[in-house]
Amino acid sequence: MCFCRSALSRHLASALLSFLMASTVTGQDKPDFSGRWVLLNSARGDVDVPLALVVRQPVTRTTASGAPMEPFFSALVIEREFSTHSQTETYQIGVGGGIVSGSFRTTYSVRWEGNRLFIAARSPRDLGPDTEHIEEWELDATRTLVIRVTNRNQGAGVSKENTFTYRRN
């Protein structure tokens, strides 16, 4: 009887340890951008550059009904600190959608491609040129945050690319 209890205890402890280890490696295949980041340098055009970013990347571990599921980064919350103001944005990772208001439409998507996170917004215009804004987020080998921003104005044939580098503060 004692042997069965100790074997059962070992199995339960082993299962609990496996569960805890799985919980702690959440998102290990995807980078965690959480933290405060300070601008190091940028290849800057005529854009207003955030001097700092505060990023939160919540992890979802249960379904809407409360059942356990494979943990994943479900959102990206970015507070962009400019020299004159701050702006907070929330993106649901893996979600696409759109907004329509009169002749103004915007479609957006947030998706992983390998270890890079892409945030894309496109605004086709009935009365003007289509515009597109794409951000590519990546942690380089030194764990520096590199954000590549591409802005395109299809009608004018203009495309601007900027690269911003941030270090964790």
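Among contacts in the protein between residues at least 6 apart in sequence, where a contact means heavy atoms within 4.5 Å, 36% join residues at least 24 apart. The model is predicted, with local features needing pLDDT of at least 70 and side-chain atom pairs counting only at pLDDT 80 or more, while totals for chains, interfaces and linings use all residues. Residues are numbered from 1 along each chain as its sequence is written, and side-chain values use heavy atoms, leaving out hydrogens and water.

Select the whole protein to begin. Colouring by secondary structure shows one helix and 12 strands, these elements being DSSP runs numbered from the N terminus, with helices (H or I) of at least four residues and strands (E) of at least two. The helix comes at the N-terminal end of the order, and the strands follow it. Of the 169 residues, 30% count as buried, a term for under 20% relative accessible area, as opposed to exposed at over 50% and partly exposed in between, with a 1.4 Å probe and protein chains only. The protein exposes about 10500 Å², of which carbon and sulfur atoms supply 56%; accessible areas come from the Shrake-Rupley method with a 1.4 Å probe, and for residues only the protein chains shown count as cover.

Next, select residues 96-101, strand E7, together with residues 104-113, strand E8; the two run antiparallel and are joined by six bridges, where two strands pair if DSSP finds at least two bridges between them. Here Ser101 stands opposite Phe104 of E8.

Add residues 116-123, strand E9, which runs antiparallel to E8 and is joined to E8 by seven bridges. Two residues lie between the strands in this hairpin, and Gly114 takes a positive phi near 65 degrees. Moving along the pairing, Arg111 has Phe118 in E9 as its bridge partner, and Ser109 stands opposite Ala120 in E9.

Keep Ala120 selected and bring in residues 131-139, strand E10, which pairs with E9 in the antiparallel sense over seven bridges. Ala120 stands opposite Ile134 in E10.

For the last stop, select Tyr108, which is found in strand E8. Why does Tyr108 count as partly exposed? Tyr108 does so because its relative accessibility is 37%. With Val95 and Ile99, Tyr108 makes a nonpolar surface patch of about 260 Å². Patches are made of residues with over 30% relative accessible area and no salt bridge, joining like charges within 9 Å and nonpolar side chains (Val, Leu, Ile, Met, Phe, Trp, Tyr) within 5 Å; a salt bridge is a side-chain nitrogen of Lys or Arg within 4 Å of a carboxyl oxygen of Asp or Glu.
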